[in-house]
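User: Could you take a close look at the side-chain contacts in this structure and walk me through them one at a time? I am a first-year student, so please spell out the reasoning as you go.

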Amino acid sequence: MDVNDPEWLSRASDYTKLMYAHWRSRCRGNALPRRADIDPIDLPPRLLPCITIVGVVPDERQYIYRLVGTRDVDVRGSDPTGKSVVERYFGSSLEEALRFYDTVVATRAPAFNPTPYVSADGRFINEENLFLPVSEDGETVNQIMVFSTTSPSGAA
């Protein structure tokens, strides 16, 4: 995937595009941004509740929720902070969840997952998940920032 002009960007919501642009602006040339490069104070307040930080445990294919935004906690009904993705994944299947994390680690590039679903009250919801690699050394992905946003079908 070309991180300079990913094909999925044209299909993403305005909020997802904004989050991607912020992440991209923090990259140092071809190096991935460090966690310290992404300061929440620089983000629009609307985006903050939609961010989850997942730690990558090297060589174990294990991912741990380090920080979970309030929007994600509300959607899940509980806070998975400190738990592994295997224990507390949220999605259609554990295999699909792990596939996105594994892809980001292997490619060192963002992954986009638009996943529509029907809410408990019968509304069709468009959900987008953007998985963004973060690296303390600029090369090895040691955290993944996940940005999740939802909107009713037909909304931006």
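Analyst: Glutamate 7 is a good place to begin: with a relative accessible area of 56%, this residue is exposed. Please keep in mind throughout that the model is a predicted one. The side chain of glutamate 7 meets that of arginine 11 in a salt bridge, with 3.2 Å from N to O. Arginine 11 has a relative accessibility of 48% and therefore counts as partly exposed, since the exposed class begins over 50%.

This contact belongs to a longer list, for a search of the whole structure finds 8 salt bridges. Another of them joins arginine 34 to aspartate 37, whose closest N and O atoms are 2.9 Å apart. Here arginine 34 is partly exposed, at a relative accessible area of 29%, whereas aspartate 37, at 17%, counts as buried. A further salt bridge runs between arginine 71 and glutamate 127, with 3.5 Å between the closest N and O atoms. Arginine 71 lies in helix α2 (residues 70–76) and glutamate 127 in strand β5 (residues 124–134), so this pair ties together parts of the chain that are 56 residues apart in sequence. Both arginine 71 and glutamate 127 are buried. Some salt bridges also share partners, and in this way Arg28, Arg34 and Asp37 are joined into one network.

Let us turn from charges to rings. The search of the whole structure finds 6 aromatic pairs. In one of them, tyrosine 63 and tyrosine 101 are stacked, with 5.1 Å from centre to centre and 25° between the planes. This pair links distant parts of the chain, because tyrosine 63 sits in strand β2 (residues 62–68) and tyrosine 101 in helix α4 (residues 94–107), 38 residues apart. Tyrosine 63 is buried, with a relative accessible area of 5%, and tyrosine 101 counts as buried at 5% relative accessibility. Phenylalanine 100 and phenylalanine 131 form another stacked pair, at 5.2 Å centre to centre and with 10° between the planes. Phenylalanine 100 belongs to helix α4 and phenylalanine 131 to strand β5, so the two rings tie together parts that are 31 residues apart in sequence. Again the accessibilities are low enough for the buried class, with phenylalanine 100 at 9% and phenylalanine 131 at 6%.

Rings can also take part in clusters and can face charged side chains. Trp8, Tyr20, Trp23 and Phe112 form one aromatic cluster. Arginine 46 lies over the face of tyrosine 15, at 4.0 Å from the ring centre, and arginine 99 lies over the face of phenylalanine 100, at 4.7 Å from the ring centre. Phenylalanine 100 thus appears twice in this account, once beside the ring of phenylalanine 131 and once under the charge of arginine 99.

Two members of the cluster, Tyr20 and Trp23, bring us to helix α1. This helix covers residues 14–26, and at 1.5 Å a residue its 13 residues should span 18 Å; the C-alpha atoms at the ends are 19 Å apart, which agrees. Within α1, the residues Thr16, Met19, Tyr20, His22 and Trp23 are buried. They cover an arc of only 160° around the axis, which puts them on the same side of α1. To see how such a side can arise, recall that an α-helix has 3.6 residues a turn, so residues three or four places apart point the same way.

Tryptophan 23 also leads us to a loop further along the chain. Its C-alpha atom is separated by 9.7 Å from that of proline 110, although the two residues are 87 residues apart along the chain. Proline 110 is found in the loop between α4 and β3 (111–114), and at 2% relative accessibility this proline counts as buried. Arginine 108 is found in that loop as well, and this arginine, at 27%, is partly exposed. The phi of arginine 108 is near 60°, a positive value in a residue other than glycine. Arginine 61, in the loop between β1 and β2, likewise has a positive phi, of about 50°, although it is not a glycine.

Finally, a word on confidence. The protein averages a pLDDT of 86, and 87% of the residues score at least 70. Strand β1 (residues 51–57) has the highest mean pLDDT among the elements, at 96, and strand β4 (residues 117–118) the lowest, at 64. Where pLDDT is low, the predicted coordinates should not be read in detail.

Methods:
Residues are numbered from 1 along each chain as its sequence is written. This is a predicted model: local features need pLDDT of at least 70, side-chain atom pairs count only at pLDDT 80 or more; totals for chains, interfaces and linings use all residues. Side-chain values use heavy atoms; hydrogens and water are left out. A salt bridge is a side-chain nitrogen of Lys or Arg within 4 Å of a carboxyl oxygen of Asp or Glu. Buried means under 20% relative accessible area, exposed over 50%, partly exposed in between (1.4 Å probe, protein chains only). Helices (H or I, at least four residues) and strands (E, at least two) are DSSP runs, numbered from the N terminus. pLDDT is the predictor's confidence in each residue, from 0 to 100. Rings of Phe, Tyr and Trp (its six-membered ring) pair if their centres lie within 6.5 Å; planes under 30 degrees apart count as stacked, over 60 as edge-to-face and the rest as tilted. A charge sits over a ring if NZ of Lys or CZ of Arg is within 6 Å of the ring centre and within 35 degrees of the ring normal. The expected span of a helix is 1.5 Å times one less than its number of residues. The arc is that of the directions from the helix axis to the C-beta atoms.
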